[in-house]
Amino acid sequence: TPEAAALKPRISVIGTGYLGATHAAAMAELGFDVVGVDTDPAKVELLAGGRVPFFEPGLEELLARHLATGRLSFTTDLAEAVAMSDVHFVCVGTPQQATSHAADLRFVESAVAGIARALSHDGIVVGKSTVPVGTAARLRELLGALAPEGVSTELIWNPEFLREGKAVDDTLHPDRVVIGGASPAAERVMRQVYGQPIAEGAPFLAMGLTTAELVKVSANAFLATKISFINAIAELCTVADADVNALADAIGFDGRIGRRFLDAGLGFGGGCLPKDIRALMHRAAELGALEVVGLMEQVDEINMAQRQRVVDLALEACGGSVLNARIGVLGAAFKPLTDDVRDSPALNVAAALHLRGAQVTVFDPEAGETARRMFPTLSYADDTLTAVDGAHVVLLLTEWSEFLDADPEELGRRVRARTVVDARNKLDRERWTAAGWTVIGLGTGVTA
Ligand code: NAD
């Protein structure tokens, strides 16, 4: 009943990938009864058995705890999940379409349609997936058209800002909670769901449906722009013989600029930023906001050029051709602390060099399995030393601390040539050059 829901809403989470699995476990941690739903039976089976299908620090502990408390369960049966809950979080994927820059909205549409058809009592549908502006309004119409008569429901938007690798903490302690398009009643329920973060000081920002959709997209667009900005400056540093690391430190002290997310290097990747800025380009073009289109095209182009730049540096280090050269690749994940290899710059570089005839061996502390699935033709090592065995050049492509802490002397004894391309500008140059290495950075010059 609405009264019971007002006391303590029961929660369903539709789509239990990186976002949904974390959200479901975190909501249980916040004290709610939660059921997670996914169309992928293998994923549901793993989660129900206490195993997280991907690497995310702290998530397995949370999952185990709340499977044990009984507050958390998983199913493939959407109707069953909807029947036993009051607030339905939509966390399904919105990947880039295969044939265009636009987001593929089939999953959100089918999730909302499925919820609508299954509604047997009042409930709120809360979109969390990242969607192009205008999607929520269409989903709201869909919900209204398909929900059974006599059931009171509404669709609101609550974009998610969690970072992979820090997802648990980000979900339990968000920087802010954004709610779009909520009626006063739905807003009350959301204040209850996020009661603990709000009590801890997280700002609760209520706004219109379209603004909430755009908040998420703009945040990602800004972060991507920041990275591409510093990578453009890195290119200038290279030709002007300046050091982009020192430069970023110096400008980063300006509070208006900020040092975070200002590291020049191989650029951004993953399941969010690249597809989100492309979806933004596409949607902005549809709506005629051409400045956004041009800006995002430039950001994307600069970002992708970094991958080519690292390929070129590897070619150069091998004397112009990598045919039959051995290349040790450190890193496959798109960033440390995750095993996510979606649109990973590291794997793009590895694959490009493999295509040019190099013998590429990749090692990643967590992403070996996911990488092998995506690029089965590359070879994979089980540790750093094996990856660099006999290498003509070593490429540091993901800045895992395991790589940054590695002993350059020990690595040096395994390689053919002590040359490393530090594509993340994170190696301790003094230590590496003292061990006889030539370190090649992006916008940080070459140290030997
Ligand atoms: P993901 O691919 O890991 O997970 C999506 C899940 O949804 C999959 O398990 C899939 O099987 C499931 N699914 C698809 N259709 C379904 C349906 N009709 N019913 C039930 N389950 C269904 O993707 P993700 O990384 O978790 O991202 C999900 C959304 O969250 C995307 O819009 C993404 O942009 C957004 N987001 C992701 C992150 C992140 O760090 N991964 C952060 C913020 C926002």
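1. Helix α13 in this predicted model has these buried residues: Leu-273, Pro-274, Lys-275, Asp-276, Ile-277, Ala-279, Leu-280, Met-281, Arg-283 and Ala-284. Their packing partners are α11 (209–240) and α14 (290–317). The helix covers residues 273–287, which is 15 residues, and runs 21 Å from its first C-alpha to its last, close to the 21 Å expected at 1.5 Å a residue. Gly-288 follows α13 and has a positive phi, near 80°.

2. Helix α2, residues 18–29, can be read in the same way. Its twelve residues reach 17 Å between the first C-alpha and the last, close to the expected 16 Å at 1.5 Å a residue. Where does α2 sit with respect to the rest of the structure? It is largely enclosed by it, because twelve of its twelve residues are buried. The buried set includes Tyr-18, His-23, Met-27 and Glu-29. After α2 comes Gly-31, with a positive phi near 105°.

3. One neighbour of α2 is helix α4 (residues 59–69): the two axes come within 9 Å and cross at roughly 50°. That angle makes α2 oblique to α4, and the crossing is left-handed. On the α2 side the contact uses Ala-21, Thr-22, Ala-25, Ala-26, Ala-28 and Glu-29, and on the α4 side Leu-59, Leu-62, Leu-63 and His-66. By class, the residues of this contact are seven nonpolar, two polar and one charged. Glu-29 of α2 belongs to the contact and is also listed as buried.

4. Helix α11 also meets α7 (residues 135–146). The axes of α7 and α11 come within 8 Å and cross at roughly 130°, so α7 is oblique to α11. Thr-135, Ala-136 and Ala-137 of α7 make the contact with Leu-209, Thr-210 and Glu-213 of α11. This contact divides into three nonpolar residues, two polar and one charged.

5. Another partner of α11 is α12. Here the axes are 10 Å apart and the packing angle is about 130°, and the pair is therefore oblique. The crossing of α11 and α12 is right-handed. Ile-230, Ile-233, Ala-234 and Cys-237 of α11 meet Val-244, Leu-247 and Ala-248 of α12. What classes of residue make up this contact of α11 with α12? There are seven nonpolar, no polar and no charged residues. The α11 residues named here can be set against the general rule for helices. An α-helix has 3.6 residues a turn, so residues three or four places apart point the same way.

6. Between α11 and α12 (244–252) there is a loop, and Asp-241 is found in it. Although Asp-241 is not a glycine, its phi is positive, about 60°. Is Asp-241 buried or exposed? It counts as exposed because 7 C-beta neighbours lie inside 10 Å, and the limit for exposed is 12 or fewer.

7. Asn-324 is a further non-glycine residue with a positive phi, about 70°. Its place is the loop between α14 and β9 (326–330). With 10 C-beta neighbours inside 10 Å, Asn-324 counts as exposed.

8. Helix α15 (residues 345–355) contains Ala-350. Ala-350 counts as buried because it has 28 C-beta neighbours inside 10 Å. Apart from neighbours within four places in sequence, Ala-350 is in contact with Val-329, Val-360, Val-362 and Leu-378. Val-310 is 40 residues away from Ala-350 along the chain, and their C-alpha atoms are separated by 9.9 Å.

9. His-354 is also found in α15. Why does His-354 count as buried? The reason is that 20 other C-beta atoms lie within 10 Å of its own, and the class begins at 20 or more. Outside the four nearest places in sequence on either side, the contacts of His-354 are Val-360, Thr-377 and Leu-378. Val-360 and Leu-378 also appear among the contacts of Ala-350. From His-354 to Leu-323 the C-alpha distance is 8.8 Å, with their positions 31 residues apart in sequence.

Conventions. Residues are numbered from 1 along each chain as its sequence is written. This is a predicted model: local features need pLDDT of at least 70, side-chain atom pairs count only at pLDDT 80 or more; totals for chains, interfaces and linings use all residues. Helices (H or I, at least four residues) and strands (E, at least two) are DSSP runs, numbered from the N terminus. Two residues are in contact if their C-beta atoms, placed from the backbone, lie within 7 Å. The expected span of a helix is 1.5 Å times one less than its number of residues. Axes are lines fitted to C-alpha atoms, for helices over the stretch in contact, and angles run from 0 to 180 degrees between N-to-C directions. Angles under 35 degrees count as roughly parallel, over 145 as roughly antiparallel, 65 to 115 as roughly perpendicular and the rest as oblique. A crossing is left-handed if the near helix is turned anticlockwise from the far one by less than a right angle, and right-handed if clockwise. Ala, Val, Leu, Ile, Met, Phe, Trp, Tyr, Cys and Pro count as nonpolar, Asp, Glu, Lys and Arg as charged, and the others, Gly among them, as polar.
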